[in-house]
Amino acid sequence: MDMVLIFWMVILILCIVIEVLTLGLTTIWFAAGALVAIFAALLYAPIFVQVILFLLVSLTLLFFTRPIAVKYFNRDRVKTNVESMVGRQAIVTGEIDNVQATGQVTVSGQEWSARSWDDKVRIPAGAVVVVVAISGVKLIVRTEQRMEAGAPVKEEAPQPMAASPGEEQEAPKEETRIPGGEPQVPEAGPEEKEPEVAKTEE
C-alpha cells in the first residue's frame, strides 16, 4: 500500500478518535478532509493536489459548517458534572473565609474547595449553602435563607366571646324608693302601663 495513502488513513483515524474523546466539533472536519485526500490518493492524484484538497475541505467545513453544528449540538448537550453543581445544596465541612482563602464543602459525598459569594461573609462549618457559580476548581456558595427552628411565634390575644343568638344581656333594673317605704323595683313587662288619670267630679 502506498505510504501516502497510509498517512491519510492515520490522519483520518486520529482525528476521529480525538473528536470522540473531546466532542469539540473541531477535528471532525479535518477527518473529512483526510477522507477526501484518501479518495484523491486512490485516484493517483499528485501529492500537492491531495494536500490542497485536504486543507480546502477541512478549513471550509471548519469555518462555515462548525458554527451551525455547534449551535444545534450544544442545545442537546448534557451538562458536565461540574456544570451541574450550580443550584445544588452543599454542607460546609471547613469554615469558609475569603480573606484567609480557606473553605471546604461536601456535595453528594465529594469534597470541594469553596469560597463565599460575599467576601465579607464568613460561613461556619456545618452550615447548609447553595452553589451559585464555579471559579476554576472552587465552588462559589452562599448561605440559605431559612427560618430558625427556635424562632418565637407571635400569639394573638384572645378575642372576647360573642353572645350566642337569642341571648340578650339584661340591663340592671333601677330601684325606686318611696319616702318612708321600702324600695320598689318596676315591674318588667312588654308594655308599660299608662298612668291613671284621676277623675274629677263634675
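Which residue takes a positive phi in the hairpin of β2 and β3? Hold that thought for a moment. One caution before we go on: this is a predicted model.

Here is the answer. Ser-108 does, with a phi near 55°. The hairpin has two residues between the strands.

Now the strands on either side of that turn. Strand β2 covers residues 102-107, and strand β3 covers residues 110-116. They run antiparallel, and four bridges join them. Let me give you two positions to find on the screen. Thr-106 in β2 has Glu-111 of β3 as its bridge partner. Val-105 stands opposite Trp-112, again in β3.

A general reminder on sheets. Strands pair through backbone hydrogen bonds, and the pairing is either parallel or antiparallel.

Next, follow β3 to another partner. That partner is strand β5, residues 138-143. Here the two strands run parallel, with four bridges between them. Look at Ser-116: its bridge partner in β5 is Val-141.

So what do the strands build? Five of them close into a barrel. Read the order as β1-β2-β3-β5-β4. The pairing around the barrel is mixed. From one strand to the next, the twist averages 50°.

Let's leave the barrel and turn to the aromatic rings. How many aromatic pairs does the count come to? Three. Take Phe-7 and Trp-8 to begin with. Their ring centres are 5.2 Å apart, with 65° between the planes. An angle over 60 degrees counts as edge-to-face, so that is the label for this pair.

How do these two residues sit with respect to solvent? Phe-7 is at 47% relative accessibility, so it counts as partly exposed. Trp-8 has a relative accessible area of 5%, which means it is buried.

Trp-8 has a ring partner in Phe-54 too. The centres are 5.1 Å apart. The planes meet at 40°, so this pair is tilted. Both Trp-8 and Phe-54 are buried.

Why does this pair tie together parts that are 46 residues apart in sequence? Because Trp-8 lies in helix α1, residues 3-22, while Phe-54 lies in helix α3, residues 47-75.

Zoom out on the rings. Phe-7, Trp-8, Phe-30 and Phe-54 are linked by ring pairs into a cluster.

Two things to take back to the bench. On the strand side, a five-strand barrel with mixed pairing. On the helix side, a Trp-8 and Phe-54 pair between α1 and α3. Thank you.

Key
Residues are numbered from 1 along each chain as its sequence is written. This is a predicted model: local features need pLDDT of at least 70, side-chain atom pairs count only at pLDDT 80 or more; totals for chains, interfaces and linings use all residues. Side-chain values use heavy atoms; hydrogens and water are left out. Two strands pair if DSSP finds at least two bridges between them. Axes are lines fitted to C-alpha atoms, for helices over the stretch in contact, and angles run from 0 to 180 degrees between N-to-C directions. Rings of Phe, Tyr and Trp (its six-membered ring) pair if their centres lie within 6.5 Å; planes under 30 degrees apart count as stacked, over 60 as edge-to-face and the rest as tilted. Buried means under 20% relative accessible area, exposed over 50%, partly exposed in between (1.4 Å probe, protein chains only).
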